[in-house]
Amino acid sequence: MPKKVGLLFGMERSFPLALVEEINRQGAGKVVAEPVNTASPRFDAKPPYDVVLDRISQDIPFYRYWLKQCCFHGTQVVNNPFWWSADEKYFGCMVAESVGVAVPKTMLLPPFERPEGTEAESFSNLSYPLNWEEIFDHLGFPIFMKPADGGGWRDVFKCDNPDEFMAAYHKSRDLTMMIQEAIDFTDYFRCYGLGREHVHIMRYDPLQPHHKRYVTDGPPIEGELLEKLRRDVLALCGALGYDFNTVELAMRDGVPIAIDFTNPAPDAERSSVGEENFAWILDHTAKFLIDRALNPRPFEVTGEWPQSAPCARLNSAPSARSGAGGSTA
Ligand SMILES: Nc1ncnc2c1ncn2[C@@H]1O[C@H](COP(=O)(O)OP(=O)(O)OP(=O)(O)O)[C@@H](O)[C@H]1O
Ligand SMILES: [Mg+2]
């Protein structure tokens, strides 16, 4: 019996359907792929997949719960639905630092509006008003404000002064917002990390309109820069335990600074990433999913950070930290 890979996806078509074909081609009869097909599952039934690639459960809790069932019965689910449910960008900053990847100065804001069903007393542990002067002094303007569990550029604000900051905070409703120093970058890269082993670095210009952001005519990325970017991507994906992820790195004074690196269902649309990037993503995703089907890994709760963080934090000076982590296990 061949091993079976299921693709779980939403509205996207170019990537998952091409991936089914590519896995069936590379799998050479030992591994086959198909779009997942599930109705109303029984809790005690074993789903018929050895591996599932999840591109959509962030929007559809029904799928997230089914994926946890898959894990329970031994299916390799990419990315891990348990960790994905727990993860957010603020925690990611701590994980990044613990494996020697630079991140912007970052703070967390209590929600501007009270979430439905809460009262003023629900916040009795919160010290208020906040010391805005101290916050602005620490971060310096401009400040980026974005949801700690955000994605898809939703509710991201760039604030140039205290007035803009307050206006953005007012607009943030009951979201939990993270605030960061703005990195004034010379170059910007969006990097695919697949199977915690393969890295593909794409020049990316976030200041361009959406369809022009992937830069196709930039200078080559090589030498020390290439090595450093690769190391940071693998360190982040290893620490976070993501097999399918993109990492955005902004260059400031020759140092890559991680801006957005928890993207477990990153954009892979052919028309968006461009033909060359699409071909790389397709080929390498097929390779690592086939490998996962043939060589299953034991279930893990998350990535390597529980081991790496405490010792890095307590025992190393910042300069020593930058050499830590980066395992590709
Ligand atoms: N600290 C920062 N310094 C400089 N630029 C930033 C910073 N934070 C965010 N940005 C800019 O805002 C953009 C959107 O932010 P971010 O990527 O964190 O949000 P997102 O909602 O996860 O977006 P997406 O998932 O679509 O990439 C980034 O691509 C970057 O251009
Ligand atoms: Mg981003």
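The following paragraphs lead through a predicted model, from its confidence and domains to its sheets, its ligand shell and some details of its backbone.

Residues are numbered from 1 along each chain as its sequence is written, while chains are lettered from A and ligands numbered from 1 in the order in which they are written. Because the model is predicted, local features need pLDDT of at least 70 and side-chain atom pairs count only at pLDDT 80 or more, whereas totals for chains, interfaces and linings use all residues.

The confidence score pLDDT, the predictor's own value for each residue on a scale from 0 to 100, averages 93 over the chain, and 93% of the residues score at least 70. Over residues 317-329, however, pLDDT stays under 50, and for this stretch the model has 28 contacts beyond four places in sequence, a contact being a pair of residues whose C-beta atoms, placed from the backbone, lie within 7 Å. Where pLDDT is low, the predicted coordinates should not be read in detail.

The chain is divided into domain 1 (3-85), domain 2 (88-101 + 184-263 + 298-321) and domain 3 (106-181), with bounds that come from an automatic or database domain assignment. Between the C-alpha centres of domain 1 and domain 3 the distance is 36 Å.

In what follows, helices (H or I, at least four residues) and strands (E, at least two) are DSSP runs numbered from the N terminus, and two strands count as paired if DSSP finds at least two bridges between them. Axes are lines fitted to C-alpha atoms, for helices over the stretch in contact, and angles run from 0 to 180 degrees between N-to-C directions.

One open sheet consists of four strands in the order β2-β1-β3-β4, with parallel pairing. Its edges are held by β2 (31-35) and β4 (76-78), each of which has a single partner strand, so one side of each is left without a neighbour in the sheet. From one strand to the next the twist averages 20°. Strand β1 (residues 3-8) is joined to β2 by five bridges, the two running parallel, and Leu-7 has Pro-35 as its bridge partner in β2. Across β1 and β2 lies helix α1 (residues 14-26), which runs at about 160° to β2. A cis peptide bond, with omega about -5°, joins Val-78 and Asn-79, and Asn-79 is found in the loop between β4 and α3 (81-86).

Another open sheet of four strands follows the order β5-β8-β6-β7, here with antiparallel pairing. The edge strands are β5 (106-108) and β7 (157-159), and each has a single partner strand, so one side of each is left without a neighbour in the sheet. Neighbouring strands of this sheet are turned against each other by 25° on average, direction ignored. Five bridges connect the antiparallel strands β6 (residues 143-147) and β8 (residues 177-181), with Pro-147 standing opposite Met-177 in β8. Helix α5 (residues 132-139) lies across β5, β6 and β8 and runs at about 50° to β8. In the loop between α5 and β6 lies Pro-142, and the peptide bond from Phe-141 to Pro-142 is cis, with omega near -5°. Asp-155, found in the loop between β6 and β7, has a positive phi of about 55° although it is not a glycine.

Further along the chain, strand β9 (residues 187-194) runs antiparallel to β11 and is joined to it by eight bridges, with Cys-191 opposite Val-247 in β11. Five bridges also join β11 to β12, again in antiparallel fashion, and the bridge partner of Met-251 in β12 is Pro-256. The hairpin of β11 and β12 has two residues between the strands, and in this hairpin Asp-253 takes a positive phi near 50°.

Where does ligand 1 lie with respect to domain 2 and domain 3? Both domains give residues to the shell around ligand 1, so the ligand lies between them. Of the 18 residues around ligand 1, those that come nearest are Phe-144, Gln-180, Ile-183, Pro-206 and Asp-260, where a residue counts as near if its C-beta atom, placed from the backbone, lies within 6 Å. At least two residues of this shell are supplied by each of β6, β11 (244-252) and β12 (255-260). By class, the shell has nine nonpolar, five polar and four charged residues; Ala, Val, Leu, Ile, Met, Phe, Trp, Tyr, Cys and Pro count as nonpolar, Asp, Glu, Lys and Arg as charged, and the others, Gly among them, as polar.

Conventions:
Contact = placed C-beta atoms within 7 Å.
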